[in-house]
Amino acid sequence: VIKCKAAVAWEAGKPLSLEEVEVAPPKAHEVRIKIVATAVCHTDAYTLSGADPEGCFPVILGHEGAGIVESVGEGVTKVKPGDTVIPLYIPQCGECKFCKNPKTNLCQKIRITQGKGLMPDGTSRFTCKGKQIYHFMGTSTFSEYTVVADISVAKIDAAAPLDKVCLLGCGISTGYGAALNTAKVEPGSTCAVFGLGGVGLAVIMGCKIAGASRIIGIDLQKDKCAKAKEFGATECISPQDFKKPIQEVLVEMTDGGVDYSFECIGNVGVMRAALEACHKGWGVSVIVGVAAAGQEISTRPFQLVTGRTWKGTAFGGWKSVESVPKLVTEYMSKKIKVDEFVTHTLPFDKINEAFELMHTGK
């Protein structure tokens, strides 16, 4: 058993608490990882807020991490101690019907136990002050050591800087893949990206790499425009600057609507606007943001009858175990940006400050 520091969420709506936790050794088909770097994501904040129906407490959150394999359980063949890895919140078992289908990346092998905050055998590897602590998204990267299923880990280039590539565990991969894999953006097309946080910037990067000729960024915070342009946005607009709905503004700006739109916020009203900003006959709108539990999307069916397509994406459609190492290689060869997404680097004990910076949009 390893004793180490972890940021424990004892209950919903309270700041994380830095505690000494015990991390049990990995059982069969499990991997124990020394986490070197982790990022914070809105999904962590959503669960911490208490709004997530799958949220269970006490829990160690975090799902964008990178580290080194410390030890492996019986039957683990894909990684060994010393390997550099990224934990994966969407695994890839290679055996379930989802993994065998090229149309999806949603491996279901450990979905039920993962959703309950437990390892595949139905137990936890974390204890603190004599209490069992739940796992989160199969990863729990807000701990100096974590245990994950062996199908939930990608072995990556040992030379990769872990404080950067940890972002490929969720945000950057999600946005970049939404453009390339889900929308399949074509050269010369016009795109609109709603929400210019990390995921939105990654969508912009994907659209640019795919050859889009016009990429319109949309955000209420105008100070996000400069960064969006660095990533490839050709222009940015704020809904606050117009009296009419933003979809009408975009339809006028683009001679009938955009070819591709992306909602990167998780707001059902914006999801509707993103669909309705698409061009009649062929426009495709991709939902990337995760809306709160119980919310519903709506539009007039005529929007779809007249040729628009509404799609969604999880982790950018990447089959995780095989794709994440390739994304790291693309970053190492400077095909995709990663360093530019990092705004702040803080010591682990300032994790609550990191959440505050995220909530203020900084």
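Domain bounds here come from an automatic or database domain assignment. The model on your screen is a predicted one, so let's take a walk through it, one selection at a time.

**Stop 1: the two domains**

Colour residues 2–169 together with 319–360 in one shade, and you have domain 1. Give residues 174–314 a second shade for domain 2. Now compare where the two sit: their C-alpha centres are 29 Å apart. Where they touch, 15 residues from domain 1 meet 15 residues from domain 2.

How much area is buried between domain 1 and domain 2? About 1,100 Å², with carbon and sulfur atoms giving 66% of that area. The size of an interface is often given as the accessible area lost when the parts come together. To see the domain 1 side of the contact, show K337, E340 and F341 as sticks: these residues lose the most area to domain 2, together 41% of what that side buries.

**Stop 2: the six-stranded sheet**

Next, switch to a cartoon view and look for an open sheet of six strands. Reading across it, the order is 13-12-11-14-15-16, and the pairing is parallel. Select 235–237 (strand 13) and 309–312 (strand 16): these strands stand at the edges, and each has a single partner strand, so one side of each is left without a neighbour in the sheet. Turn the view slowly and follow the twist, which averages 20 degrees from one strand to the next.

Strands of a sheet pair through backbone hydrogen bonds, either parallel or antiparallel. For an example, select residues 260–263, which make up strand 14, and residues 284–287, which make up strand 15. Four bridges join these parallel strands. Label Y260 and you will find V284 as its bridge partner in strand 15; label E263 and I287 stands opposite in strand 15. Strand 14 also runs parallel to strand 11, and four bridges join that pair. Here E263 turns up again, as the bridge partner of F194.

Which residues of strand 14 are on each side? Show the side chains: Y260 and F262 are on one side, S261 and E263 on the other. In a regular strand the side chains alternate between the two faces of the sheet. All of these strand 14 residues are buried, and both faces of the strand are covered.

**Stop 3: helices on the sheet**

Select residues 171–183 to light up helix 5, which lies across strand 14, strand 15 and strand 16. Helix 5 runs at about 135 degrees to strand 14. Then select residues 198–209 for helix 6, which packs on the sheet and touches strand 11 (190–194), strand 12 (214–218) and strand 14. The direction of helix 6 makes about 170 degrees with that of strand 11.

Before moving on, click K184, in the loop between helix 5 and strand 11. Its phi is near 55 degrees, a positive value in a residue other than glycine. Is K184 buried or exposed? K184 is exposed, with a relative accessible area of 54%.

**Stop 4: loops with something to show**

Go to S140, in the loop between strand 8 (131–133) and strand 9 (145–149). Its relative accessibility is 0%, so S140 counts as buried. The S140 side chain reaches the backbone nitrogen of F136 at 2.9 Å. Beyond its neighbours within four places in sequence, S140 is in contact with residues including I60, L61, F126 and T146.

Now find P58, in the loop between helix 1 (42–49) and strand 4 (59–60). A cis peptide bond joins F57 and P58, with omega at about -5 degrees.

One more loop: H29 is between strand 2 (17–23) and strand 3 (30–39). H29 is not a glycine, yet has a positive phi of about 60 degrees. With a relative accessible area of 43%, H29 is partly exposed.

**Stop 5: a residue in strand 5**

Finish at I68, in strand 5 (residues 64–72). At 27% relative accessibility, I68 counts as partly exposed. Leaving aside its neighbours within four places in sequence, I68 touches several residues, among them R32, I33, V36, D83 and L162. For a last exercise with the distance tool, pick the C-alpha atoms of I68 and A7: the residues are 61 apart in sequence and 19 Å apart in space.

Definitions and conventions
Residues numbered from 1 in each chain as written. Predicted model: local features only at pLDDT ≥ 70, side-chain atom pairs only at ≥ 80, totals over all residues. Heavy atoms only, no water. Pairing = 2+ DSSP bridges. Helix = DSSP H or I, 4+ residues; strand = E, 2+ residues; numbered from the N terminus. Axes fitted to C-alpha atoms, helices over the stretch in contact; angles between N-to-C directions. Contact = heavy atoms within 4.5 Å. Buried < 20%, exposed > 50% of the residue type's maximum accessible area, 1.4 Å probe, protein only. Polar contact = N/O pair within 3.5 Å; in protein donor to acceptor, adjacent residues only side chain to side chain. Buried area = accessible area lost by both parts, 1.4 Å probe.
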